[in-house]
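Here's a quick walk through one protein chain, from the overall fold down to a few individual residues. Have the structure open while you read.

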Amino acid sequence: MFALITGASSGIGRAMAFELAKKNYSLILVARRESELKQIKAKIEESNKVEVIIKVMDVSSVKNCEKLHEETQTYQPEIIINNAGFGQVGRFDEIDLGIELKMIETNIIAVHTLTKLFVRSMKKGIILNVASIAGMLPTPLMASYSASKAYVLNFSRAINCELRKSRSPIKVLTLNPGPVVTEFGKVANTKQKMQGMSADKCAKIAIRDMLAGKKVIVPGVMMKITRFFLKLLPVSWIMPFAYRIQNRK
Ligand SMILES: NC(=O)c1ccc[n+]([C@@H]2O[C@H](COP(=O)([O-])OP(=O)(O)OC[C@H]3O[C@@H](n4cnc5c(N)ncnc54)[C@H](OP(=O)(O)O)[C@@H]3O)[C@@H](O)[C@H]2O)c1
């Protein structure tokens, strides 16, 4: 059985690849950095009896998403993990528009396109879309990023509801991590060193809960408590706290 993971060259995507290989899934790993993907392929194939196919690709283009879907049809993947994504910390009036548009293409348009293509072509299986706890709150100083993840979360939940109503054998689930130590902080231009859960722990929880069919996966007790308060308290109360946290970065 094949699982496809975008953004598999580092961080959470890489860790989920190792986790799925342990569960005997063959893998299609997608990212832009070929050398990282080759190293991961070698490491996984060395210690697991699975096949690893690498696709060096920038998913921020719709054409590439279509190509990826087309090229992977022969493997009939039963798990699709739309994980490729990045953030950018800063004031909205200062962040470069080009970076934000690239973020929208990667975090929203690629996830949207691949979900559409695979929902239509899969016979059964799971699509796991990686959102964020930041998608549950308008987050000052990460405005576009948190909005992009809110899109992923709400769109995936709504599609999953439609699929349940039509008794589809396909599920669309979401992973919503809090801070995880990956290359995210460096890419997001944060000054503070990333602190949080390890990518391995996040991936372990993500794969366990995904295979159990959990619709909204929130790894870790702290983030579950955070989610509870995000549901309970008015957004206007919480946003100033979020501003303070982001401002430190
Ligand atoms: N770390 C956190 O605190 C955190 C919290 C909540 C949610 N998330 C989400 O988790 C996901 C994974 O992030 P991470 O924390 O693991 O960060 P990461 O270590 O920077 O990994 C991001 C991955 O996405 C790939 N990627 C980025 N843009 C791409 C593109 N245009 N085409 C193909 N691949 C692309 C990168 O590979 P290449 O550079 O090789 O292309 C890399 O493999 C993201 O969606 C992120 O928003 C992270």
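Take the contacts in the chain between residues at least 6 apart in sequence: 68% of them join residues at least 24 apart. Keep in mind that this is a predicted model. Its secondary structure comes to nine helices and nine strands. How does the radius of gyration of the chain fit with a compact globule? The chain has 17 Å, which agrees with the value near 18 Å for a compact globule of 249 residues. Along its principal axes, the C-alpha trace spans about 50 × 45 × 35 Å. Buried residues account for 51% of the 249 residues, and the chain exposes about 12800 Å², with carbon and sulfur atoms supplying 56% of that area.

Now for the empty spaces. The structure holds one cavity of 30 Å³ or more, and the largest cavity has a volume of about 40 Å³. Its lining is made up of Gln88, Gly90, Phe92, Ile95, Glu100, Met103, Leu141, Met142, Ala143, Ser144 and Tyr145. Those residues divide into seven nonpolar, three polar and one charged. Helix H4 (97-121) and helix H5 (143-165) each supply at least two residues of the lining, and H5 gives the most, with three residues.

The second largest pocket holds about 230 Å³ of space. It is lined by Gln88, Val89, Gly90, Arg91, Glu94, Ile95, Leu141, Asn189, Lys191, Gln246, Asn247 and Lys249. Here the split is three nonpolar, five polar and four charged. If you scan the two linings, you'll find that Gln88, Gly90, Ile95 and Leu141 turn up in both.

One of those pocket residues, Asn189, is worth a second look. Asparagine 189 is found in the loop between helix H6 (184-187) and strand E8 (197-198), and its phi is positive at about 70° although it is not a glycine. Most residues other than glycine have a negative phi. Asparagine 24 also has a positive phi, near 70°, and lies in the loop between H1 and strand E2 (26-31).

Which of the buried, partly exposed and exposed classes does alanine 17 belong to? The table has that answer, along with three other residues.

| Residue | Relative accessibility | Class |
|---|---|---|
| Alanine 17 | 0% | buried |
| Lysine 171 | 33% | partly exposed |
| Asparagine 189 | 51% | exposed |
| Asparagine 24 | 57% | exposed |

Since the exposed class starts over 50%, asparagine 189 makes it in with its 51%.

Alanine 17 sits in helix H1 (residues 11-22). Leaving aside its neighbours within four places in sequence, alanine 17 is in contact with Ile5, Leu27, Leu29 and Ile44. Its C-alpha atom is separated by 9.4 Å from that of lysine 41, 24 residues apart along the chain.

Lysine 171 is part of strand E6 (residues 170-175). Which residues does lysine 171 contact, leaving aside its neighbours within four places in sequence? They are Gly125, Ile126, Ile127, Asn160, Arg164 and Gly213. As for valine 62, 109 residues apart from lysine 171 along the chain, the two C-alpha atoms are separated by 23 Å.

Note on methods: Residues are numbered from 1 along each chain as its sequence is written. This is a predicted model: local features need pLDDT of at least 70, side-chain atom pairs count only at pLDDT 80 or more; totals for chains, interfaces and linings use all residues. Side-chain values use heavy atoms; hydrogens and water are left out. On a 1 Å grid over the protein atoms alone, a cavity is a set of points where a 1.4 Å probe fits but cannot get out, and a pocket is an open set with protein on both sides within 12 Å along at least five of seven lines; lining residues have an atom within 4 Å of a point. Grid points are joined across faces, edges and corners, and a volume is the space filled by probe spheres set on the points. Ala, Val, Leu, Ile, Met, Phe, Trp, Tyr, Cys and Pro count as nonpolar, Asp, Glu, Lys and Arg as charged, and the others, Gly among them, as polar. Helices (H or I, at least four residues) and strands (E, at least two) are DSSP runs, numbered from the N terminus. The radius of gyration is taken over C-alpha atoms; the globule rule is 2.2 Å times the number of residues to the power 0.38. Buried means under 20% relative accessible area, exposed over 50%, partly exposed in between (1.4 Å probe, protein chains only). Contact means heavy atoms within 4.5 Å. Accessible areas come from the Shrake-Rupley method with a 1.4 Å probe; for residues, only the protein chains shown count as cover.
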